Amino acid sequence: MEVVVETADGVEPPFEPAWFERVANAAVTTGAQAAVGEAVQVVFLLADDVTLHDLNLRFRHVDEPTDVLSFEGETEASSPACAMGHLGDVALSVERARRQAEDYGHTFEREVAYLLTHGVLHLLGYDHE
């Protein structure tokens, strides 16, 4: 399993890379290996509210920021990403995660872990219902 972590321009990773990789791996392991196999890749983008707002508007036609968005991987058999087992991408607003952690009265780390898992479950086909 490969976890790729990227950051949007101007966004500093708010925690040690090793911590994030551990949490991201746990989120992917939640169900991805059983559903897709061990050779999967997930790309996580740590971003800000402006970036998530833009992505939400472009891909969901919702004109507001959000905490996490998931984008399924390639589905065509000829795609190199599909051959690598690219499960998809998860974009997370670090700003919103920080505010939500305060609002809900738990740690920032717990909120990020929750949002990452939430995003991966969407990649696996689960919806809110």
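Which pattern does the protein follow when read along the sequence? In this predicted model, the pattern is β-α-α-β-α-β-α-β-α-α.

**View 1. Overall content of the predicted model.** The protein contains 6 helices and 4 strands. Of its 129 residues, 40% are buried. The accessible surface is about 7400 Å², and carbon and sulfur atoms account for 49% of this surface. When contacts between residues at least 6 apart in sequence are taken, 65% of them join residues at least 24 apart.

**View 2. The open sheet of 4 strands.** The strand order is 1-2-4-3, and the pairing is mixed. Strand 1 (2–7) and strand 3 are the edge strands, each pairing on one side only. On average, neighbouring strands of the sheet are turned by 15 degrees against each other, direction ignored. Strands of a sheet pair through backbone hydrogen bonds, in either a parallel or an antiparallel manner.

**View 3. Strand 2 beside strand 4.** Strand 2 (residues 41–47) and strand 4 (residues 86–93) run parallel and are joined by 7 bridges. Leucine 45 stands opposite alanine 91, a residue of strand 4.

**View 4. Helices lying across the sheet strands.** Helix 1 (residues 17–29) lies across strand 1 and strand 2, and runs at about 130 degrees to strand 2. Helix 3 lies across strand 2, strand 3 and strand 4. The angle of helix 3 to strand 3 is about 45 degrees.

**View 5. The aromatic pair between helix 3 and strand 3****.** A search of the whole structure finds 1 aromatic pair. The pair is formed by phenylalanine 59 and phenylalanine 71. The ring centres are 5.1 Å apart and the planes meet at 70 degrees, an edge-to-face arrangement. Edge-to-face applies here because the angle of 70 degrees is over the cut-off of 60 degrees. Phenylalanine 59 belongs to helix 3 (residues 49–60) and phenylalanine 71 to strand 3 (residues 68–72), so the pair ties together parts that are 12 residues apart in sequence. Phenylalanine 59 has a relative accessibility of 49% and counts as partly exposed. Phenylalanine 71, with a relative accessible area of 22%, is also partly exposed.

**View 6. Arginine 98 over the ring of phenylalanine 108****.** The charged end of arginine 98 sits over this ring. The distance from the charged end to the centre of the phenylalanine 108 ring is 4.3 Å.

Note on methods. Residues are numbered from 1 along each chain as its sequence is written. This is a predicted model: local features need pLDDT of at least 70, side-chain atom pairs count only at pLDDT 80 or more; totals for chains, interfaces and linings use all residues. Side-chain values use heavy atoms; hydrogens and water are left out. Rings of Phe, Tyr and Trp (its six-membered ring) pair if their centres lie within 6.5 Å; planes under 30 degrees apart count as stacked, over 60 as edge-to-face and the rest as tilted. Helices (H or I, at least four residues) and strands (E, at least two) are DSSP runs, numbered from the N terminus. Buried means under 20% relative accessible area, exposed over 50%, partly exposed in between (1.4 Å probe, protein chains only). A charge sits over a ring if NZ of Lys or CZ of Arg is within 6 Å of the ring centre and within 35 degrees of the ring normal. Two strands pair if DSSP finds at least two bridges between them. Axes are lines fitted to C-alpha atoms, for helices over the stretch in contact, and angles run from 0 to 180 degrees between N-to-C directions. Contact means heavy atoms within 4.5 Å. Accessible areas come from the Shrake-Rupley method with a 1.4 Å probe; for residues, only the protein chains shown count as cover.
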